[in-house]
Amino acid sequence: MPPVFHLLLVAADPVLLDGLDEWLRTSAQAPCTRVRCDHAAAAASLLGREEFDLVLFALDPAETAGADALARLAAAAPATPVLALSARDDESLALQALRAGAQDVLVLERLNAETIGRICRYAIERARAKAQSETSEQFLRAAVDTLSAHVAILDSRGRIVTVNRAWQAFAAANGMPADMTFAGVDYFSACTGASGEDAPTAAAAAAGLRAVIAGERDLFEMDYPCHGPNEQRWFHLRVTPFAEPAPRRVVVAHENITDRRLAEAAQRRSEGLFEKIFTMAPLGLWLADTRGRILRGNPEGLRIWGLTPDTRLDQPGLFRARRLPGGEPVGPADWAIVRSVRQGVTVRDELLEVEAADRTKRYILNYTAPLEDEDGRILGGVIANLDITRRVAAQQQAENALEHIRLILDTSPNCLFIKDRDGRYVLVNRAMATLFGTTVDTLVGSSDSELAAGGHWTAAGDDRPGADSDIRSFVAPGGSRRWFRCFTAPISWPGREECTLTIAVDITEAREARENLRASEEQKRVILDSLDSQVVMLDHGLRVVWANRTAREQVRPDGEPLHCYELITEFRSGPGPGPCADCPAIAAFRTGRSAQVTRKNAAGRTMSLSANPIVDEQGQVANVVVITTDITERLSLERQLRQAQKMESLGTLAGGIAHDFNNILAALLGYADLARLRLRDQPQVAEYLEQVASAGERATDLVRQILTFSRRQDADLQPLQVPLVVKEALKLLRSTLPATVTLKTSISTTVEPVLADPTQVHQIVMNLCVNASHAMEPDGGELFVRIDQLTPDEGFFREHPELSPGPHLRLVVSDTGCGMTPEVMAAIFEPYFTTKGHREGTGLGLAVVHGIVKQYRGEIVVESEPGRGSTFAIYLPVVPRRESPHERGIDRQLGGRGEHILLVDDEPILCKFYQQFLKSQGYRITTCTDPVLALALFEEDPAAFDLVLSDVTMPGMTGDKMGQRMLARRPELPVLLMTGYTKIITGEQARALGFRGLLAKPVPQNDLLATLRRVLTTPAEVEP
C-alpha cells in the first residue's frame, strides 16, 4: 500500500483552495490528507505544532503577501519542503520564491490533477532523501571526528578534500597552523618529498594509494614508523575507496598504533578482548531516526549482530538481546536508543547479551546518545556497540584460574594476601584466615581496622641492612605475638588499582632462637669477661681475633691486631718476637686436639696456658681458644686440701682411740679417788694414789690434745683477751729460755677479743716459742712476739678461703734461727713429723697448734727460708667486746637424797665404779651394760627412775636412741648423756632432742655431782 502524505494548503483565495483540494483528492499519484489555511501567519503557527510532509503555497502578492510570507513559512518548518504556486509565468517572482525557501515554483495553468500529485510525491521524496543524506553526513562526520585515527578524504588525483579533527590536531602538534583545512593539498607530493629512511615507506604508501584510486585494489594497509625528535611513534595506514564509479575518491586513515605496539604483550596475556582492529572504526556504529528506528549500521556492527550488508534492518525481531545481569529480554520500547532520542539522555556501559542472527551469543557494552542540530533539536540517535565477548570469556577464565591459584595458595604455610590501595583485603589464603581466627570470606573486603578484634599488625622495621623486606609482628587478642618477615610487591588485579601482594613468612621460632642465641652469647661474653684469666681466640696466623676483658686490657690502644706472643710476653722462650717453642696453640692447630703447658712467670707465679681447637663444619680447625690462668692460688689450695685430708684421716683414728682411752681413764681416776678417800690415814699409800691420779690427768690432757689437732674436741670457747693470756705465758717462758735467746715483744692491748679457750691459747704460744728457741740453737738469736689487729685485703682472703672477710687479730712469732726448706714447710703440721733428734720431740706441737687455729676458724701462715729464720702468723677473727655472762652458783649440798638413777654403760668397770661412787653419795643406783635390756627394764616401770645417766656409743643401740624412746614414754624424765668421744651427737643436738646435757669422760667427780644435783632440782624449761 503506497504511503499517505500529509499536506498543508495555504492560499488566500478559497476558490483556489477548493481547486487544489479537489485535484489532490482525486490524484492517484499522491494519496494524501490535506489541511487548508487561508493566511500565512496561521500556517506558520500550524507548522510549529504539527508535522507535514509538504506545503503548497500560493504566491499571489495580493492574496498571500508574496515572497516575504513564504520566507516566514519556510523558516517555521525548515525540514518541510515548500512548493510555490503562481498564477503567471513570472521569472522574477519565481526567483524570489526560490530564495525565500521554496523547493520549486509551479505555474497553475500548467497543472492538473495528475501532474500536481506526481509533483508533490517527487518533492516529498526528494526532501526525504536530502534529509537522510544530511543526517548520514552528520553522523559520519561525528563518527569520523570521534576516531583517534588521522582521517582524510582524497579525490581521484590525490588531493585532500577534507580531514578530521585528529588530523588537524596532529598537524598543529607538529608545527602547522591550527586552523589549516588542508583542502586541495596534494597528498602524493608529501609522499614523494620524504627522504632518508622514510623514503621507502612513503613510496610504498603512495603506490598503495594509487592502486586503490585506480580501482586495482579495494583496500591498502601498512604499518610504518613516524618517529619524532623526542619520541618513537608507529602508525597504521588504511586506504579504502568510496562506493562510487571511477574516478574514485578514497579515505586515508593514519591510526597511531604506538600504544598498541607497546601494549601487545599485555593484550596477549589478557588473551585480548578483540580479535582485530575494526575495519573502519573500533566500534559497531548504528544510526537511528527520531523514533529510535535503526536506519544504518557499519560493518563491525553488522558482524556483532550476525547480519550481512543486504539485511533489511526494519524487520521486526531482528535485534534480540537480554539486559544483564538480570537477564530480562529487551523489548521494542526498552532499547536505550529510544530513551536517548525521546529524552535526550546518554546511556553508557549497558551490558547486553546479544542473540545474533547467525545464532551466535555475544556480549557487548552498549552506548547511545542523541544527535542534535545546532539548535539542539534531536535529529536522531547514534549507537555504539563494544564487543566484549572475549573479555567476558577471559574474565571467566581468570576467575577459574583465580580459583586454582587460591587452592594452591591455601596449601602454603606462609600467610599470603593482596590489598587494594584503600587497605582492604582482595585475596587471602587459609593461613592468613587461621592467623586472624576467622574465615577467608570474612577477611576479603575488610580492612585491618575492621578486623582489630581478631588481632593487629605492628611494624618492627628490619634488622638487616639493605633488606628487601620488613619485619612485622601480629598481636593476637590475648597478647601473644608472632613475628613475620614480609615481602611486598605491586601487583595488578582485575577491577582494582594499585594493589600490593604480601607474603608473610613466620619467623617466630627463628627469631626466638636468634634471641636465645644472642642472650646465650651475651651470657657467655659476660662470663668470659668476668674471668680473671686471659681468654683469646686466634686465627691460623696466631693473631688475636677476639679477647675477653682481662685480655683486652693488654691490647694496644691503636687497635692493631696482636699476635698471641705479643700479648703473652712473660713466657717467650727466644730473645726476639715470635711463637714460643712449645706453643700450645700451634699444637692445637696442627693436631686438632687440646694442648696445655704450665710455666712460672718472672714474678714466680705459676701460670697455665691451655689451647682448645674450634672445628668448622668440614672438620677443619678454624680457630683456637687460648686461656692463660694464674693457678698459683689453686695449687696452694690443693696443697692445703691434701693437708686437711691427712688431718682428717688422723682425726678419725684419734677419735676411735680417744673413746676407749677416756673410758679407761674414767675408771682409773674414779677408783683412784675412791682409794684416796678410804686411805686418808695412810699417807704413804695416799701419795702413791696421788701420783696415779696425776698421771691419769696428764693422760687426759694428752687425749684432749690429740682431739684438738684432729678437730674432734670442742673447746670451751669464750670471748678472750688474748694479750693477757700471751703475757702470762711469756712470763713462764722467760725462765726457760737460754741466755743466748733475746725475747722481744710488741703486744697491743687495744685489740678486740676472740672466741678462744685460754688454755689452748697458752698452749699455742708455748709450742711456737719453744720451737723457735730450738731453731736458734746453739748460737741463739732473737725471738719476737707481736699482737695487733688488721683487716687483710681481698687477695689475702681469696688465697685463704676459710677466713671470713673482716677484722682479724694477728699473733706473730718469729725467730732468727736456721729456717726451713720448702719440703720441711710442707710437712710441719703433720702429726709426729719432727726435725729434732730421737726422743727430743713428739711431733705433735705444731699439729696441735694447727688444729686449735682451724677450730677457731682462723689461719696460720708460715714464711721461712733456710738461714733466714721463720715467721708464724696466726689470724683469728675478732668479736665485739661484751660482758662475761653471770655464772650460776652451785649448791654446796651436792650429795643425793635417795633419788633412783638408771646408769647404762657398755663398760662393766665404769658401771661398777659409778655404782659404788654414787651410792656413797646418797643415790640409789641400777646399772645395765646393754641398752636394749635397759630400755626393757625402763618400760616395765617408767616411774621407777628419777634420772637416766647413759653412755652414747654402745653396741646394739646408741644412748641417744634409747633416751629418745624413754622420753617418748615419759617426757619429763631427766636424761643425761656421757661420752669418751663421739661424732654421733653434739651438746646442742642433745639439748634440742630433750636431753639435759652431754658430759665428756672422764668426768670429774665434783662436776658429776653438781650436774646431777642441778638436773634433779631444776626444771628443764628454766635451765640456761
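**Chatting about cavities and a buried arginine**

Reader: Hi! How many cavities of 30 Å³ or more does the count come to?

Author: The count comes to two cavities of 30 Å³ or more. A cavity here is a set of points, on a 1 Å grid over the protein atoms alone, where a 1.4 Å probe fits but cannot get out. This is a predicted model, where local features need pLDDT of at least 70, side-chain atom pairs count only at pLDDT 80 or more, and totals for chains, interfaces and linings use all residues. Residues are numbered from 1 along each chain as its sequence is written, and side-chain values use heavy atoms, leaving out hydrogens and water.

Reader: Cool, which residues line the second largest cavity?

Author: Its lining is Val 722, Val 761, Ile 764, Leu 809, Leu 811, Ile 874 and Leu 876, where lining residues have an atom within 4 Å of a point. Two or more of the lining residues come from each of helix 23 (758-775), strand 33 (808-815) and strand 35 (870-877). Helices (H or I, at least four residues) and strands (E, at least two) are DSSP runs, numbered from the N terminus.

Reader: And how much space lies in there?

Author: About 50 Å³ lies in the second largest cavity, with volume taken as the space filled by probe spheres set on the points.

Reader: New topic! Why is Arg 323 buried?

Author: Arg 323 counts as buried because its relative accessible area is 19%, and buried means under 20% (1.4 Å probe, protein chains only). Arg 323 sits in strand 13 (residues 321-323).

Reader: What is Arg 323 in contact with?

Author: Leaving aside neighbours within four places in sequence, its contacts (heavy atoms within 4.5 Å) include Glu 328, Asp 334 and Glu 350.

Technical notes: On a 1 Å grid over the protein atoms alone, a cavity is a set of points where a 1.4 Å probe fits but cannot get out, and a pocket is an open set with protein on both sides within 12 Å along at least five of seven lines; lining residues have an atom within 4 Å of a point. Buried means under 20% relative accessible area, exposed over 50%, partly exposed in between (1.4 Å probe, protein chains only).
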